[in-house]
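Me: I have a model open and want to go through its sheet and its salt bridges. Can you take me through it?

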Amino acid sequence: MAFHSFNGRFVAGLALAGFMLAAAGCQSSDNGILGFGKKDATPPPPPEPKVLSSQLQAYCPKVTLRDGTAFFNTYAKSGPKPKKKTDVGAEEAAQPAADAAGADQPDDSAKIIYQASITDVTRDCSRANGSLSMKIAVAGKVVPGPMFTPGTITMPIRIAVMHGTEVLYSQLHSYQVQVTDPSSATQFVFTDSNVVVPEPTAKDYQAYAGYDEGAPKVATDKPRKKKAAATN
């Protein structure tokens, strides 16, 4: 009797264990054992939108002003005193004092003849034969300064088009504006109609406009005379 009782409890235990395993298997069928193989419920990132051909045909690169290129000042010439010739050692000894003096630069605002500024930029685009032609316009004004004298001011205006770090177009223009009225600002509009670059395949061109005073100066040194060959 004891054997049959033990056997019955053993069979009942096996049946109960089988039921629990079956239930656990049903509950973990989606997640796997201990959570391994769990399905990721995070939705995939949306695909990048493709630029339609119609959108690319209507694309005209935006024109922006870089920092420090929106203003241009013309100063009255102040005759600097000629420097005395010194030897190299004396120049090196005097350099720290010159650096200290240069730390406090005088205010040159009283020497301004004109102050020019760019107030707006715009552009227009057209396509032909695999090229993009742009007409870039710059609007601004010239304000007479304390040292105003009626005349013509020449402003260095650069127009450029970039593709990443590649320069597709860059042109420095010497644009002249006649200023005669000392009591009001003179408005001006400059247009570069000769901007031609390869037709873009994506909307990743950038156009720039602004004053550029860093143009290299034309050498004015007179050519040195060749020494005559020594003759016996």
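Reply: One term up front: buried means under 20% relative accessible area, exposed means over 50%, and partly exposed is in between (1.4 Å probe, protein chains only). This is a predicted model, where local features need pLDDT of at least 70, side-chain atom pairs count only at pLDDT 80 or more, and totals for chains, interfaces and linings use all residues. Residues are numbered from 1 along each chain as its sequence is written, and side-chain values use heavy atoms, with hydrogens and water left out.

Me: OK. What is the strand order in the open sheet?

Reply: The order is β2-β3-β4-β7, with antiparallel pairing. Strands here are DSSP runs (E, at least two residues; helices are H or I, at least four), numbered from the N terminus. Two strands pair if DSSP finds at least two bridges between them.

Me: Which strands stand at the edges?

Reply: β2 (71-75) and β7 (186-198) do. Each has a single partner strand, so one side of each is left without a neighbour in the sheet.

Me: And how many bridges join β2 and β3?

Reply: They pair over 5 bridges, in the antiparallel sense. β3 covers residues 112-128. For a landmark, find T74, which stands opposite Y114 in β3.

Me: How many bridges join β3 to β4?

Reply: There are 14, and the two strands run antiparallel. β4 is residues 131-144. S126 stands opposite S133 in β4.

Me: What about the hairpin of β3 and β4, how many residues sit between the strands?

Reply: The hairpin has 2 residues between the strands. N129 takes a positive phi there, near 55 degrees.

Me: Switching to charges. How many salt bridges does the structure hold?

Reply: It holds 2. The criterion is a side-chain nitrogen of Lys or Arg within 4 Å of a carboxyl oxygen of Asp or Glu.

Me: Which residue does R127 meet?

Reply: R127 meets E199, at 3.4 Å, N to O. The pair links distant parts of the chain, 72 residues apart. R127 is in strand β3, and E199 is in the loop between β7 and β8 (206-211).

Me: Buried or exposed, that R127?

Reply: In between: R127 counts as partly exposed because its relative accessibility is 21%. E199 is partly exposed too, at 28%.

Me: And which residue does R158 meet?

Reply: R158 meets D212, at 2.5 Å, N to O. R158 lies in strand β5 (residues 151-163) and D212 in the segment after β8, so the pair ties together parts that are 54 residues apart in sequence. R158 is partly exposed, with a relative accessible area of 25%.
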